[in-house]
Amino acid sequence: MLDHPHATPSFFLGRVVDERGQPFFGATVELFSAEGARVHGWQRHPSNAAQTDRSGLFQFVEAAPFEGFVLVSAPGYEELRAPFTAAFDEQTYRLARAAK
């Protein structure tokens with residue numbers, strides 16, 4: 001249930017891929033406000049995190065659009081921080097292997 005029943009829901013959809021552009025299963029995607037605070041209360045994810053599915057996809061649903069940044073991580077890969085806007089657009093994030 002949305003906090004604001006009359007608000008138009010916004011979606012933050014995304015895909016995580018590896019260095020070759022292949023879907024990345026099991027990456028952790030975390031959301032933060034522009035000020036760096038963890039974003040909580042997403043309709044399908046009460047925490048601020050989601051895991052990518054076998055197609056590399058993740059989705060968050062929120063009551064109102066806002067801007068912030070996404071943090072994508074997976075063991076053995078460099079952590080990726082990138083800006084996002086929750087508003088019906090899909091973003092692709094490419095993870096790179098961590099240096100040994």
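1. Two strands count as paired here if DSSP finds at least two bridges between them. With that in hand, a friendly place to start is the pair β2 and β3, which run antiparallel and are joined by 3 bridges. Within this pair, Thr-28 stands opposite Gln-51 in β3, and Val-29 stands opposite Ala-50 in β3. Please keep in mind throughout that this is a predicted model.

2. Now for the overall layout. The protein has 7 strands and 0 helices, so to speak in order β-β-β-β-β-β-β from the N terminus on. Of its 100 residues, 37% count as buried. Among contacts with a separation of 6 or more, 55% are made by residues 24 or more positions apart. The exposed area comes to about 6,000 Å², and carbon and sulfur atoms supply 52% of that.

3. Which strands form the open sheet, and in what order? The sheet has 4 strands in the order β3-β2-β5-β6, with antiparallel pairing. At its edges stand β3 (49-51) and β6, each with a single partner strand, so one side of each has no neighbour in the sheet. From one strand to the next, the twist averages 25°. As background, strands of a sheet pair through backbone hydrogen bonds, in either a parallel or an antiparallel way.

4. The register can be followed across the sheet through Leu-71. β2 and β5 run antiparallel and are joined by 6 bridges, with Glu-30 opposite Leu-71 in β5. On the next pair, Leu-71 stands opposite Arg-81 in β6; β5 and β6 also run antiparallel, and 6 bridges join them. If you are checking the alignment of these strands in the viewer, Leu-71 is a handy residue to click on, since it appears in both pairings: with Glu-30 and with Arg-81.

5. How enclosed is β2? Of the 6 residues of β2, 5 are buried, so the strand is largely enclosed by the rest of the structure. In the sheet order, β2 stands between β3 and β5.

6. The hairpin of β5 and β6 has 6 residues between its strands, and there Gly-76 takes a positive phi near 85°. Gly-76 lies in the loop between these two strands. Leaving aside neighbours within four places in sequence, Gly-76 is in contact with Arg-97 and Ala-98. Its C-alpha atom is also 9.0 Å from that of Lys-100, a residue 24 places away in sequence.

7. Turning to the interior, which residues have the most contacts inside the largest nonpolar core? That core has 18 residues, and those with the most contacts inside it are Phe-12, Val-16, Phe-58, Val-70, Val-72, Tyr-93 and Leu-95. The elements giving two or more residues to the core are β1 (10-17), β2 (28-33), β4 (57-62), β5 (67-73) and β6 (80-85). In soluble globular proteins, nonpolar side chains tend to be buried together.

8. Val-16 is a good residue from which to look around this core. Apart from neighbours within four places in sequence, Val-16 is in contact with Gln-22, Pro-23, Phe-24, Ala-27, Val-29, Thr-52, Gly-56, Phe-58, Val-72, Tyr-93 and Leu-95. Among these partners, Phe-58, Val-72, Tyr-93 and Leu-95 are also named with Val-16 among the residues with the most contacts inside the core.

9. The loop between β1 and β2 holds Asp-18. Is Asp-18 buried or exposed? Its relative accessible area is 10%, below the 20% cut-off, and therefore Asp-18 counts as buried. Not counting residues up to four places away in sequence, Asp-18 touches Phe-24, Arg-94 and Leu-95.

10. Asp-18 also has a charged partner: its side chain meets that of Arg-20 in a salt bridge, at 3.2 Å from N to O. The count of salt bridges comes to 1. While Asp-18 is buried, Arg-20 counts as exposed, at 67% relative accessibility. More generally, side chains of opposite charge can pair when their charged atoms come close.

11. Phe-25 is also placed in the loop between β1 and β2. At 49% relative accessibility it falls below the 50% limit for exposed, so Phe-25 counts as partly exposed. Setting aside residues up to four places away in sequence, Phe-25 touches Thr-52, Asp-53 and Arg-54. The C-alpha atoms of Phe-25 and Leu-57 are 8.2 Å apart, though 32 residues separate the two along the chain.

How values were computed
Residues numbered from 1 in each chain as written. Predicted model: local features only at pLDDT ≥ 70, side-chain atom pairs only at ≥ 80, totals over all residues. Heavy atoms only, no water. Core = buried A, V, L, I, M, F, W, Y, C linked by side-chain atoms within 4.5 Å. Buried < 20%, exposed > 50% of the residue type's maximum accessible area, 1.4 Å probe, protein only. Contact = heavy atoms within 4.5 Å. Areas by Shrake-Rupley, 256 points an atom, 1.4 Å probe, with all protein chains shown as cover. Axes fitted to C-alpha atoms, helices over the stretch in contact; angles between N-to-C directions. Salt bridge = Lys/Arg side-chain N within 4 Å of Asp/Glu carboxyl O.
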